[in-house]
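Colleague: Please take one part of this model and go through it closely, at a level a first-year student can follow. I would like a single connected account.

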Amino acid sequence: MFKTVSITKVMEMLQFVIDRCPKEGQIVNLNPNQITRRFERVFPKLEIKNFQFYDLR
């Protein structure tokens, strides 16, 4: 399956979250592999099973 259409998604955020976000640049200084590894380490500690990063959508 291939994604053929680009879709813009809008997510509402609370004002205090918006105020804490940087006005430019990245929110975190991590690459995708680093984020995946952190999830893989923390989920067993939280007893979360069968979770895929895709599930955060």
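**Helix H2 and the segment after it**

Modeller: A nonpolar surface patch of about 310 Å² is formed by Val-42, Leu-46, Ile-48 and Phe-51. The model is a predicted one, and the values below are computed from it. One member of the patch, Ile-48, sits in the segment after helix H2, which covers residues 32-45. The relative accessibility of Ile-48 is 36%, so Ile-48 is classed as partly exposed; that class lies between the limits of 20% and 50%.

Next, the helix itself. The chain contains two helices and zero strands. H2 is built from 14 residues, and from its first C-alpha to its last it reaches 21 Å. That is close to the 20 Å expected at 1.5 Å a residue. At the start of H2, Asn-31 places a side-chain oxygen within 2.9 Å of the backbone nitrogen of Asn-33. This counts as a polar contact, because the cut-off for such a pair of N or O atoms is 3.5 Å.

Within H2 there is also a pair of rings to look at. The count of aromatic pairs comes to one. The pair is Phe-39 with Phe-43: the ring centres are 5.1 Å apart and the planes stand at 65°, so the arrangement is edge-to-face. The angle decides the label, because planes over 60 degrees apart count as edge-to-face. Phe-39 and Phe-43 are four residues apart in helix H2, which means that about one helical turn separates them. Their accessibility classes can be read from the percentages. Phe-39 has a relative accessibility of 24% and therefore counts as partly exposed. Phe-43 has 13% and therefore counts as buried, since buried means under 20%. For the chain as a whole, buried residues make up 2% of its 57 residues.

Just after H2 comes Glu-47, with a positive phi of about 60°. Most residues other than glycine have a negative phi. Glu-47 is a residue other than glycine, and its phi is a positive value. Glu-47 is also exposed, because its relative accessible area is 70%, and the exposed class begins over 50%.

Last, the surface of the chain. The accessible surface comes to about 6,400 Å², and 56% of it belongs to carbon and sulfur atoms. The patch described at the start, made by Val-42, Leu-46, Ile-48 and Phe-51, accounts for about 310 Å² of nonpolar surface.

Technical notes
Residues are numbered from 1 along each chain as its sequence is written. This is a predicted model: local features need pLDDT of at least 70, side-chain atom pairs count only at pLDDT 80 or more; totals for chains, interfaces and linings use all residues. Side-chain values use heavy atoms; hydrogens and water are left out. Patches are made of residues with over 30% relative accessible area and no salt bridge: like charges are joined within 9 Å, nonpolar side chains (Val, Leu, Ile, Met, Phe, Trp, Tyr) within 5 Å. Accessible areas come from the Shrake-Rupley method with a 1.4 Å probe; for residues, only the protein chains shown count as cover. A salt bridge is a side-chain nitrogen of Lys or Arg within 4 Å of a carboxyl oxygen of Asp or Glu. Buried means under 20% relative accessible area, exposed over 50%, partly exposed in between (1.4 Å probe, protein chains only). Rings of Phe, Tyr and Trp (its six-membered ring) pair if their centres lie within 6.5 Å; planes under 30 degrees apart count as stacked, over 60 as edge-to-face and the rest as tilted. The expected span of a helix is 1.5 Å times one less than its number of residues. A polar contact is a pair of N or O atoms within 3.5 Å; within protein, one must be able to donate a hydrogen and the other to accept it, and residues adjacent in sequence count only if both atoms are side-chain atoms.
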